[in-house]
Amino acid sequence: MAGKPKLHYANGRGKMESIRWLLAAAGVEFEEEFIEKKEDLEKLRNDGQLLFQQVPMVEMDGMKMVQTRAILSYIAAKHNLYGKDMKERALYLRTCRIHSRIDMYVEGTTDLMGMIMTLPFQPPENKEKQTSLIFERATTRYFPVYEKVLKDHGQDFLVGGKFSWADVHLLEAILMVEEMKPDVLSAFPLLQDFKARVSNISTIKKFLEPGSQRKFELDDKALQEIRKIFNI
């Protein structure tokens, strides 16, 4: 029997957090080997374990996988969180490329979360402006789209009436924005219901409980360590 996936990253959110979320949603237990100093990262590189010399890296199913999107796609497909069939997944087929609803929704939330991830590393004079931009984009560009999707099809989940990677990603994004602005969903009643519904799925509920492997915002000391490790 294959062992648990092993995650290699710093002890913080970053690009690994969505991977933690998706594994947890799939009910998959995982181990973590934290990169605690620059030498730990250099060892992974020198040992040839990082295809592109960067993390996240996940060891699973005999592979050492890198690139966040590739890792997430593999986990979603393996655990049936990527749509049940081609009709459900595909929006259209053009020049042999499949464009899926799940992919589009995931990319939208990825863009929003990317803005939040970089906020702690912004110069102090830029943080207020960046924070305002995050709220503006969340409430005028991203959340209205998901609210409309839920309204238009009247189903519990974003795609095909079935829990998917897109739902996991959206809940993660919502909670990240709410940490900064707790009432951000005040104008989005369907997203409020969506948040409550998805948060109550047993695997998600377990991941949201204290003591799970979910990560939280870093304090100043931890941020300084991250800067040193990744030369930020």
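**Close-up views of salt bridges and the nonpolar core**

**View 1. Arginine 45 and its partner in helix α2.** With a relative accessibility of 25%, arginine 45 counts as partly exposed (buried is under 20% relative accessible area, exposed is over 50%, and partly exposed lies in between, using a 1.4 Å probe and protein chains only). The model is predicted, so local features need pLDDT of at least 70 and side-chain atom pairs count only at pLDDT 80 or more, while totals for chains, interfaces and linings use all residues. Residues are numbered from 1 along each chain as its sequence is written, and side-chain values use heavy atoms, with hydrogens and water left out. The side chain of arginine 45 meets that of glutamate 42 in a salt bridge (a side-chain nitrogen of Lys or Arg within 4 Å of a carboxyl oxygen of Asp or Glu), at 2.8 Å from N to O. Both residues belong to helix α2 (residues 38–46; helices, H or I, of at least four residues and strands, E, of at least two are DSSP runs, numbered from the N terminus), where they are three residues apart, about one turn of the helix. Glutamate 42, at 28% relative accessibility, is likewise partly exposed.

**View 2. The salt bridge between glutamate 29 and lysine 4.** The side chains of these two residues meet at 3.2 Å, N to O. The pair links distant parts of the chain, 25 residues apart, since glutamate 29 sits in the loop between α1 (17–25) and β2 (31–34), and lysine 4 in the segment before β1 (6–9). Lysine 4 has a relative accessibility of 44% and therefore counts as partly exposed.

**View 3. A salt bridge between helices α7 and α8.** Glutamate 178 pairs with lysine 195, and their closest N and O atoms are 2.8 Å apart. This pair also links distant parts of the chain, 17 residues apart, with glutamate 178 in α7 (residues 165–180) and lysine 195 in α8 (residues 189–199). Glutamate 178 counts as buried at 15% relative accessibility, whereas lysine 195 is partly exposed at 25%. Elsewhere, salt bridges that share partners join Glu17, Arg20, Glu32 and Lys215 into one network, and a search of the whole structure finds 18 salt bridges.

**View 4. The largest nonpolar core, centred on leucine 158 as an example.** This core (buried Ala, Val, Leu, Ile, Met, Phe, Trp, Tyr and Cys residues joined through side-chain atoms within 4.5 Å) has 68 residues, and those with the most contacts inside it are Ile19, Phe143, Leu158, Trp165 and Leu191. Its largest share, 10 residues, comes from α7. Apart from neighbours within four places in sequence, leucine 158 is in contact (heavy atoms within 4.5 Å) with Tyr105, Tyr146, Val149, Leu150, His153, Ala166, Asp167, Leu170 and Phe194.
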